[in-house]
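Please look through the sequence and the coordinates shown here before reading on. The paragraphs that follow go from the overall fold to charged pairs and then to backbone details.

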Amino acid sequence: MTTQAHDTAEPDLVVTPPKTAAAGLPAVAVSMKMALQQMGPARTASSLLRLNQVDGFDCMSCAWPDPAPGERHTAEFCENGAKAVSEEGTKERVGPEFFAEHSLSDLANRTEYWLGKRGRLTHPMVRREGAEHYEPISWDDAFTLVGEHLNALTSPDEALFYTSGRTSNEAAFLYQLFARAFGTNNLPDCSNMCHESTSVGLAETIGIGKGSVSLADIHKADLIVVSGQNPGTNHPRMLSALEIAKHNGAKILAINPLREAGLLRFDNPQKPLGLAGRGTELADCFLQIRSGGDLALFQAIGHLLLKAEEERPGSVVDREFIDQHTVGYEAYAAHVRDLDWDEVLAATGLTRPEIETAAQMFADAKRIVNCWAMGITQHHNAVATIKEFVNVALLQGMIGKPGAGLCPVRGHSNVQGDRTMGIWERSPDSFLDALGAEFGFEPPREHGMDAVAAVRGLRDGKAKVFIGMGGNFVAAMSDTELTEAALRSAELTVQVSTKLNRSHVVCGKTALILPTLGRTERDLTGGTEQRVTVEDSMSAVHASRGRNKPAGELLRSEVDIICGVARATLGDRYGIPWHAFAKDYDEIRERIGRVVPGAEGYAEKIKKRGGFTLPHPPRDSRSFPTTAGKAVFSVSPLAAVRVPAGKLVLQTIRSHDQFNTTIYGLDDRYRGIHSGRRVVFINSADLAELGFADGDMVDLVGEWSDGVVRRANDFRLVTYSTPKGCVAAYYPETNPLVPLDSVALQSNTPTSKWVIVRLERAGQSRD
């Protein structure tokens, strides 16, 4: 079956010049318009004024940290946060009548945008084997159905327990406990598709897979490096932190293939000058790097820093830090001193003077924070690139001191917390030992399936049940046609969700939709008002409590759903008190405190106003829990990947009207795209060389060595500021072009930022 909607025409698509500033009055207008349209005045006020407040609920749209209590603005949210809340708080509903009217065949032809705009799910629904429609099912019968399928498996390893980053710490802890008590470590999660490369690279070099900075460090830095990241769309509240840093004297070095508005200027809508369009200039230096060239760039920066140290001994390289806290320096230094500049320039697409200017910014700075996101992590060499970031930080002693450190910016609100709670297919023995001791069973030790392996497992018949705790796995995953076929082959798929999405349409032979409470909604599970906790990108943990009336009377919390499935599957096996956990979430937090490293006293700590911060040895005491006992310099080969003539490198990106696979609208005003999504941003020189013109319609055809033809059809070419040979287009529309087997070394993350494609005129050679 085709992976595209049948109607891909976008007759209303309009292209205008891209913006040079983010936010401002337009952000306020768009936020309020969407909120009022979807929620109405009363719910808009009650929701947005509680968003990211100490006694309110945590935003579901990103993991950027909150200011300290007492320092938060009344409107402590961004445009995309307001959109996320509006989507969850919508007045529209998807109940049994909707599913009676719409068959699976009908829904399969709808776009992701259309599906999402139908509204909130209100009833548990089941698709019986062979049926074309979902029908209502009681909660008890749904739980029983899941338990029967799980218990009928030949092995627990035939079950997959997927997790989205929206899941709370309490739900995540119970979910991994249930999976391991059932007998498997098959715990793929959305981190496998985004920041897994970060987790691997940092764990091997500094001993912990998390960033080493606080929000205060951003404010104190005198150089902030923003690599492979679009904060204006993906983490807009970061712009406020960058503005504070700029006002404190910081410089910003932006490194990205696209010249994004959020890297150039921030018109702060909370300030009069911002509303007037006279905001803060951000990037002092912008390097428009070729996709995948960051490893070469940072090796060149290391090379130039060592050269500067030779010229000015003791002023650039922190030898005291290196000698006391690191291993591997001599091998690293020898490697980057022997730099092949031709390879660097070919890989980066930059000039040597541009790179020297950037290196001088490093050399002059005393407090450097290096930030990055998926523009770095979704490459074949992603782990090596992150190790190169670490190398440069170690070279200058930029870990474990105020105003400096490593700052991976996570894209989902609690993806880091989920990993802390044990959502990981490769949890260390120390965690499993603590879990087993606390609950009186021996957890499985064999590593489980990650997201890529999960698709292979379903495809090959090694996995038969897929349970999704939030998210939209089908639309988020690479190689869409293969992924969809794999999910359709499952004996059972279960989706715990707030809204309709593609993963409900592309389902197993038997399928369940279990509607859950949203982050904004009051949780009265167990007859008392509950709250949950989340962890942000900087290891800060805090409470989140929804106050709005739930979208339907039958909605249950994620915690309640997990406990119901666990009871139906495990019964009283191991004596795990599922009833008590559902009745009082403090019971879960007590167990978290006894199992999760650094979370001692968790139940009491989260009662503190604003929460608490988990320990981070490199940040807190410059101790590095690696196998070497010190931070590790790494040596990685540098080789520019040559793209065949006539081919291009595609990176998949988000629109500004989008959060992950959730499509809020059809405008990307920062890039000048209106009323459409099927566009390819391309350099004007590539257009001329390939014989196309701006506005031409093309099909994208993947170039991968397995012989499978991967296509994404009917895209409009848009001339844009992007490096020659590099194009960009939105996902999930272009996910069909990312081969399942094209992954980052070590992390197994899909290489969604490095896809070799060719352009064909639309309809030229379709089957």
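**Charged pairs and backbone in a predicted model**

In this predicted model, Arg519 counts as buried because its relative accessibility is 7%, a value under the 20% limit that defines the class. Asp58 is likewise classed as buried, since its relative accessibility is 6%. These two residues form a salt bridge with each other, and their closest N and O atoms are 3.5 Å apart. Because Asp58 sits in the loop between α1 (25-48) and α2 (79-88) while Arg519 belongs to the loop between β18 (510-515) and β19 (532-535), the pair ties together parts that are 461 residues apart in sequence.

The setting for this pair is a protein chain that contains 32 helices and 31 strands. Its C-alpha atoms fill a box of roughly 75 × 60 × 55 Å along the principal axes. For 767 residues, a compact globule would be expected to have a radius of gyration near 27 Å, and the 25 Å of the protein chain agrees with that. Buried residues account for 64% of the 767 residues. Where contacts join residues at least 6 apart in sequence, 79% of them link residues at least 24 apart. The protein chain exposes about 26,100 Å², of which carbon and sulfur atoms supply 51%.

As for charge, the protein chain carries 82 positive and 95 negative charges, and the mean positions of the two sets are 4 Å apart. Side chains of opposite charge can pair when their charged atoms come close. Across the whole structure, a search finds 58 salt bridges.

Another of these pairs brings together the side chains of Glu76 and Arg237, with an N to O distance of 3.3 Å. Since Glu76 lies in the loop between α1 and α2, and Arg237 in the loop between α10 (231-234) and α11 (238-247), this salt bridge ties together parts that are 161 residues apart in sequence. Both Glu76 and Arg237 are buried.

Which side chain does Arg547 meet in a salt bridge? The partner is Glu529, at 3.8 Å from N to O. The pair links distant parts of the chain, with Arg547 in the loop between β20 (540-544) and α27 (558-570) and Glu529 in the loop between β18 and β19, 18 residues apart. Arg547 counts as partly exposed because its relative accessibility is 29%, and Glu529 is partly exposed as well, with a relative accessible area of 36%. Beyond single pairs, salt bridges that share partners join Asp189, Glu196, Arg419, Glu425 and Arg426 into one network.

The backbone also deserves a look. Most residues other than glycine have a negative phi, and most peptide bonds are trans. Against that background, the peptide bond from Tyr731 to Pro732 is cis, with omega near 10°, and Pro732 is placed in the loop between β30 (726-730) and β31 (755-761). The loop between β30 and β31 also holds Asn748, a residue other than glycine whose phi is positive, near 65°. Tyr574 has a positive phi too, near 65°, and is found in the loop between α27 and α28 (578-583). With 39% relative accessibility, Tyr574 counts as partly exposed.

How values were computed: Residues are numbered from 1 along each chain as its sequence is written. This is a predicted model: local features need pLDDT of at least 70, side-chain atom pairs count only at pLDDT 80 or more; totals for chains, interfaces and linings use all residues. Side-chain values use heavy atoms; hydrogens and water are left out. Helices (H or I, at least four residues) and strands (E, at least two) are DSSP runs, numbered from the N terminus. The radius of gyration is taken over C-alpha atoms; the globule rule is 2.2 Å times the number of residues to the power 0.38. Buried means under 20% relative accessible area, exposed over 50%, partly exposed in between (1.4 Å probe, protein chains only). Contact means heavy atoms within 4.5 Å. Accessible areas come from the Shrake-Rupley method with a 1.4 Å probe; for residues, only the protein chains shown count as cover. Lys and Arg count as positive and Asp and Glu as negative; His and the chain ends are not counted. The place of a charge is taken as NZ of Lys, CZ of Arg, CG of Asp or CD of Glu. A salt bridge is a side-chain nitrogen of Lys or Arg within 4 Å of a carboxyl oxygen of Asp or Glu.
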